[in-house]
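Hi everyone, thanks for coming. I'd like to walk you through a structure that is probably new to most of you, so let's put it up on the screen.

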Amino acid sequence: QVQLVESGGGLVQPGGSLRLSCAASGNIFSIITMGWYRQSPGKERELVAAFTSAGSTNYADSVKGRFTISRDNAKNTAYLQMNSLKPEDTAVYYCNTEAVAGWYRRKNTYWGQGTQVSVSS
C-alpha cells in the first residue's frame, strides 16, 4: 500500500504563487509515474502535470509556462510550483502515482486526499 499526503494548498490572489507537495509513503518498491490532477465543480478531473514512466514531464496546455513539477526521488516526494495563478486554476488538486508496492510488489494507482487551491481577489 502507498499513502499520498498533499500539502500547500490555500487561498491566493490572482497573479500569486503556491507550492504543493506530495509525499508518498508505505512499502514502496518503485514509483513509475507521479503527478498532479485537478477537479473543479461540475468538471472532470484533468491532468495538470506529471512525470511519465520515462522520466519526462507532461503539462496541461493551460498551465505551461506557469507551473513546474519537480521531485525528490530520495524522499518519494513531488512538488508543483504554481506561479501567475488565475481564478480558473481554482480546484481541488490531487496527487497521483502509479507504483509497485506491497509484499507482493503489485502495480497499482494511488490518489491523495486532495488539497484545495482557490484563486480569488
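Let me begin with a question: which residue does a disulfide join to Cys-22? The partner is Cys-95, and the two sulfur atoms sit 2.0 Å apart. Before I go further, please keep in mind that this is a predicted model.

Searching the whole structure turns up one disulfide. Cys-22 belongs to strand β3, residues 18-26, while Cys-95 belongs to strand β9, so the link ties together parts that are 73 residues apart in sequence. The angle about the S-S bond is -85°, which makes this link left-handed. And are these cysteines buried or exposed? Both Cys-22 and Cys-95 are buried.

Let's stay with strand β9 for a moment, where we also find Asn-96. Asn-96 has a relative accessible area of 8%, under the 20% cut-off, so this residue counts as buried. What does Asn-96 touch, if we set aside neighbours within four places in sequence? Its contacts are Leu-4, Thr-33, Met-34, Gly-35, Tyr-37, Thr-109, Tyr-110 and Trp-111.

Now follow the chain out of β9, which spans 91-101, into the loop that leads to β10, at 106-111. Trp-103 is in that loop. Here the picture is another one: Trp-103 has a relative accessible area of 76%, over the 50% cut-off, so this tryptophan is exposed. To give you a sense of distance, the C-alpha atoms of Trp-103 and Arg-71 are separated by 25 Å, with their positions 32 residues apart along the chain.

Next, the sheet that includes β3. How are its strands ordered? This is an open sheet of four strands, running β1-β3-β8-β7, and the pairing is antiparallel. At the edges stand β1, residues 2-7, and β7; each has a single partner strand, so one side of each is left without a neighbour in the sheet. On average, neighbouring strands here are turned by 15° against each other, ignoring direction. Further in, β3 and β8 pair in the antiparallel sense over six bridges. If you'd like to find one of these on the screen, look for Ser-21, whose bridge partner in β8 is Tyr-79.

Finally, the charged residues. Side chains of opposite charge can pair when their charged atoms come close. How many salt bridges are there in this model? The count comes to five, and I'll show you some of them.

One is between the side chains of Arg-38 and Glu-46, at 2.7 Å from N to O. Arg-38 is buried, at 6% relative accessible area, whereas Glu-46 is partly exposed, at 35%. Another brings together Asp-89 and Arg-66, also with an N to O distance of 2.7 Å. Asp-89 is in the loop between β8 (77-82) and β9, and Arg-66 is in the loop between β6 (57-59) and β7 (67-72), so this pair ties together parts 23 residues apart in sequence. Asp-89 is buried, with 1% relative accessibility, and Arg-66 is buried too, with 10%.

A further salt bridge links Lys-107 and Glu-98, whose closest N and O atoms are 3.9 Å apart. Lys-107 is exposed at 52%, and Glu-98 is partly exposed at 24%. As for the wider arrangement, salt bridges that share partners join Arg-38, Glu-46, Arg-66 and Asp-89 into one network.

That's my tour, and I'm happy to take questions.

Notes: Residues are numbered from 1 along each chain as its sequence is written. This is a predicted model: local features need pLDDT of at least 70, side-chain atom pairs count only at pLDDT 80 or more; totals for chains, interfaces and linings use all residues. Side-chain values use heavy atoms; hydrogens and water are left out. Helices (H or I, at least four residues) and strands (E, at least two) are DSSP runs, numbered from the N terminus. Buried means under 20% relative accessible area, exposed over 50%, partly exposed in between (1.4 Å probe, protein chains only). A disulfide is a pair of cysteine sulfur atoms within 2.5 Å. A salt bridge is a side-chain nitrogen of Lys or Arg within 4 Å of a carboxyl oxygen of Asp or Glu. Contact means heavy atoms within 4.5 Å. Two strands pair if DSSP finds at least two bridges between them. Axes are lines fitted to C-alpha atoms, for helices over the stretch in contact, and angles run from 0 to 180 degrees between N-to-C directions.
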